[in-house]
Amino acid sequence: MKTMIWALMLLLCQTPALAAEHADAARIGKQPLPVYLMDQTAQATNIRSAPSWQIIQQLASQNGDYMLTVTEPVNGWWRIADHVIEDASSGKRVTIPPSGGWLHYSVLGLGSRNYGGEELTLYAEPSAQAKAVFSFRDERSLRPMDAQGKWVKVMTMDGRHRGW
């Protein structure tokens, strides 16, 4: 019986509208997060209609050229909050469909902006009382993986460190 219910849930989540609706229940971190495109793997970056769903648009991958705002992470995917994003190098504007678009965290970056050279700490949980898992003083590009309230879970670009 459990197998049949699970199979039915998976089937229901196979359309973009239902997948996005299903994702509503799992959403946390509705605060907008400014990021930039940091796709080091492809000729073009895919924008999808829903997490892990069909490609609806592609962006030429020029690292850091596209600045955008994302929100509502779902299993490593971020909803694009902007309706129009602009390539800072060329001025080319890309319109995001009204239904929205999604990008995977592996193509996004954000900077630590540590101008004062203070020690910045990543924690195991979204709390300053949690165990410290990594500290650094330099400015770094980080990948945003998830969000909870005002906390953002990040991964260093080399993939060696993760934390909040």
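The exercises below, each with a worked solution, concern a predicted model of a protein.

**Exercise 1. Overall make-up**

State how many helices and strands the protein has, and what share of its residues is buried.

Solution. Begin with the secondary structure: the protein has two helices and 14 strands. Next take the burial of the chain. The protein has 164 residues, and 38% of them are buried. Finally, look at the contacts with a separation of 6 or more: 54% of these are between residues 24 or more positions apart.

**Exercise 2. The partners of β9**

Find the strands that pair with β9, and name a residue pair for each.

Solution. Start with strand β1, residues 33–37. Strands β1 and β9 pair in the antiparallel sense, over two bridges. In this pairing, Tyr36 stands opposite Gly109 of β9. Then turn to β12. Two bridges join β9 to β12, and these strands also run antiparallel. Here Leu110 has Leu142 in β12 as its bridge partner.

**Exercise 3. The largest pocket**

Describe the largest pocket by its volume, its lining and the elements that contribute to that lining.

Solution. First, the volume: the largest pocket holds about 360 Å³ of space. Second, the lining: 21 residues line this pocket, and those closest to its centre are Leu110, Lys150, Trp151, Val152 and Val154. Third, the elements: β9 (108–111), β10 (120–123), β12 (141–148) and β13 (151–156) each give two or more residues to the lining. Fourth, the chemical character: the lining has 13 nonpolar residues, seven polar ones and one charged one. Leu110 thus appears in two exercises, as a residue close to the pocket centre and as the bridge partner of Leu142.

**Exercise 4. Two residues in one loop**

Decide whether Arg113 and Asn114 are buried, partly exposed or exposed, and describe the surroundings of Asn114.

Solution. Locate the residues first. Arg113 is in the loop between β9 and β10, and Asn114 is in the loop between β9 and β10 too. Now apply the cut-offs: under 20% relative accessible area is buried, over 50% is exposed, and values in between are partly exposed. Arg113 has 49%, so it is partly exposed. Asn114 has 6%, so it counts as buried.

Then list the contacts of Asn114. Apart from neighbours within four places in sequence, Asn114 touches Leu120, Phe136, Arg137, Asp138 and Glu139. For Arg137 there is a further detail: its backbone oxygen lies 2.7 Å from a polar atom of the Asn114 side chain.

Last, check the backbone of Arg113. Its phi is near 50°, a positive value in a residue other than glycine. Most residues other than glycine have a negative phi.

**Exercise 5. Neighbours in β4**

Compare Glu72 and Pro73 by location and burial, and name a partner for each.

Solution. Place both residues: Glu72 lies in strand β4, and Pro73 lies in strand β4 (residues 66–74). Apply the 20% cut-off for burial. Glu72 has a relative accessibility of 16%, so it counts as buried. Pro73 has 3%, so it counts as buried.

For Glu72, the partner is Arg79: a polar contact of 3.5 Å joins their side chains. Glu72 also has a positive phi, of about 50°, although it is not a glycine.

For Pro73, take Pro144. These two residues are 71 residues apart along the chain, while their C-alpha atoms are separated by 9.3 Å.

Terms used
Residues numbered from 1 in each chain as written. Predicted model: local features only at pLDDT ≥ 70, side-chain atom pairs only at ≥ 80, totals over all residues. Heavy atoms only, no water. 1 Å grid on protein atoms, 1.4 Å probe; cavity = no way out; pocket = protein on both sides within 12 Å on 5 of 7 lines; lining within 4 Å. Points joined across faces, edges and corners; volume = space filled by probe spheres on them. Helix = DSSP H or I, 4+ residues; strand = E, 2+ residues; numbered from the N terminus. Nonpolar A, V, L, I, M, F, W, Y, C, P; charged D, E, K, R; others polar. Pairing = 2+ DSSP bridges. Buried < 20%, exposed > 50% of the residue type's maximum accessible area, 1.4 Å probe, protein only. Polar contact = N/O pair within 3.5 Å; in protein donor to acceptor, adjacent residues only side chain to side chain. Contact = heavy atoms within 4.5 Å.
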